[in-house]
Amino acid sequence: MMPFATKSTLKSDSHMPKLIRGSAILLTAAILSACGQSDINAASGNTSNASTAETNAPQVTQTMTNTQVINPDLLKNVSATVYKDANCGCCKEWIGHAEDNGLNATANDVAYLALFKDRYGVPTDMRSCHTAVTTDGYVFEGHVPAKYVAEFLANPPSDAIGLAVPGMPVGSPGMEYQNQFMPYQVMQMNKDGTSQVYVNVESAEQQL
């Protein structure tokens with residue numbers, strides 16, 4: 001899984017160019033306004049993921065030049081309930097992305113997201129701001145591209161419960177910001193509580 005630095009690491013990195021640090025601050029502010037830090041705390045059940053957006057921001061080095069490709073047949077026969085905080089903007093954006101690609105989504109605003117993540121077996125280090133559960137019981141945590149949801153459902157690994165994109169990577173579906181993109185990993189969550197890399201997403205185009 002992609003490692004994350006701590007707040008202290010960022011603050012002590014005095015040799016980081018002022019321009020990069022300034023960009024990181026702006027990105028952090030935008031991310032947290034879209035998907036609040038309190039939402040991530042509630043989602044994870046602890047504060048370990050609270051600094052994800054802040055620590056990811058300096059790693060944003062690519063620029064997205066693609067336009068979104070929509071395939072309404074991709075998830076045409078798939079229905080899912082999405083558990084989220086009522087005020088989570090990026091959750092709504094991801095739902096829109098999934099619905100544009102055919103998902104029949106029912107948003108369920110809940111007060112204690114961690115309870116649902118516990119119920120559906122989402123490991124703490126895999127958690128993000130929303131949890132989608134299909135009618136056949138597969139779990140998709142966070143900003144998983146519809147492309148990989150469909151790919152997984154077409155041939156689910158026997159030992160897997162679903163996929164996750166931990167944290168809130170900039171440029172992932174629902175986390176678009178000023179055409180920026182940060183490479184990230186889609187993780188496979190297994191029935192025994194372990195996880196493994198499902199796919200490395202190295203470019204915005206790869207999500208389409």
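Leucine 113 is found in helix H6, which covers residues 113–119. This is a predicted model, and in it leucine 113 is buried, with a relative accessible area of 2%. Lysine 84 is 29 residues away from leucine 113 in sequence, yet the two C-alpha atoms are 6.7 Å apart in space.

Now the interior. The largest nonpolar core has 26 residues. Which residues have the most contacts inside this core? They are Leu103 and Val186. The elements that give two or more residues to the core are strand S2 (79–84), helix H5, helix H7 (146–154), and strands S6, S8 and S9. H7 provides the largest share, 5 residues.

Next, the cavities. There are 2 cavities of 30 Å³ or more. I will take the second largest, which holds about 50 Å³ of space. Its lining is made up of Leu75, Val78, Ala80, Trp94, Ala98, Leu103, Ala132, Thr134, Phe140 and Val149. Two elements give two or more residues to that lining: helix H5 (89–100) and strand S4. By class, the lining has 9 nonpolar residues, 1 polar residue and no charged residues. Note Leu103, which appears in this lining and is also one of the two residues with the most contacts inside the largest nonpolar core.

The other of those two was Val186, and that takes us to strand S8. S8 runs over residues 184–190, and 7 of its 7 residues are buried. Which residues point which way from S8? Tyr184, Val186, Gln188 and Asn190 point one way, while Gln185, Met187 and Met189 point the other way. Residues on both sides are buried.

S8 has strand partners to go through. With strand S6, residues 160–165, S8 pairs in the antiparallel sense over 4 bridges. Within that pairing, glutamine 188 of S8 is the bridge partner of leucine 163. With strand S9, residues 195–201, S8 is joined by 6 bridges, and these two strands also run antiparallel. Here glutamine 188 stands opposite glutamine 196 in S9. Glutamine 188 therefore has a partner in leucine 163 and another in glutamine 196, and its side chain points the same way from S8 as that of Val186. S8 and S9 form a hairpin with 4 residues between them. In the turn, glycine 193 has a positive phi of about 90°.

Staying with this hairpin, consider glutamine 185, which is found in strand S8. Is glutamine 185 buried or exposed? It counts as buried, because its relative accessible area is 17% and the cut-off for buried is under 20%. The side chain of glutamine 185 makes a polar contact with the side chain of asparagine 200, at 2.9 Å.

Across from S8, tyrosine 198 is found in strand S9. Its relative accessible area is 23%, so tyrosine 198 is partly exposed. Where does methionine 187 lie relative to tyrosine 198? The two are 11 residues apart along the chain, and their C-alpha atoms are separated by 4.9 Å. Methionine 187 itself is buried and points the same way from S8 as Gln185 and Met189.

Then the loop between S6 and strand S7, where S7 is residues 180–181. As background, most residues other than glycine have a negative phi. This loop holds glutamine 178, with a positive phi near 45°. Asparagine 179 lies in the loop between S6 and S7 as well, and has a positive phi of about 60° although it is not a glycine. How accessible are they? Glutamine 178 counts as exposed because its relative accessibility is 60%. Asparagine 179, at 48% relative accessibility, counts as partly exposed.

Last, a glycine in another loop. Glycine 137 lies between strand S4, residues 131–134, and strand S5, residues 139–142. S4 is one of the elements that give two or more residues to the lining of the second largest cavity. Glycine 137 has a relative accessibility of 40%, so it counts as partly exposed. Tyrosine 120 is 17 residues away from glycine 137 along the chain, and the C-alpha atoms of the two are separated by 8.5 Å.

Methods: Residues numbered from 1 in each chain as written. Predicted model: local features only at pLDDT ≥ 70, side-chain atom pairs only at ≥ 80, totals over all residues. Heavy atoms only, no water. Buried < 20%, exposed > 50% of the residue type's maximum accessible area, 1.4 Å probe, protein only. Pairing = 2+ DSSP bridges. Polar contact = N/O pair within 3.5 Å; in protein donor to acceptor, adjacent residues only side chain to side chain. 1 Å grid on protein atoms, 1.4 Å probe; cavity = no way out; pocket = protein on both sides within 12 Å on 5 of 7 lines; lining within 4 Å. Points joined across faces, edges and corners; volume = space filled by probe spheres on them. Nonpolar A, V, L, I, M, F, W, Y, C, P; charged D, E, K, R; others polar. Core = buried A, V, L, I, M, F, W, Y, C linked by side-chain atoms within 4.5 Å.
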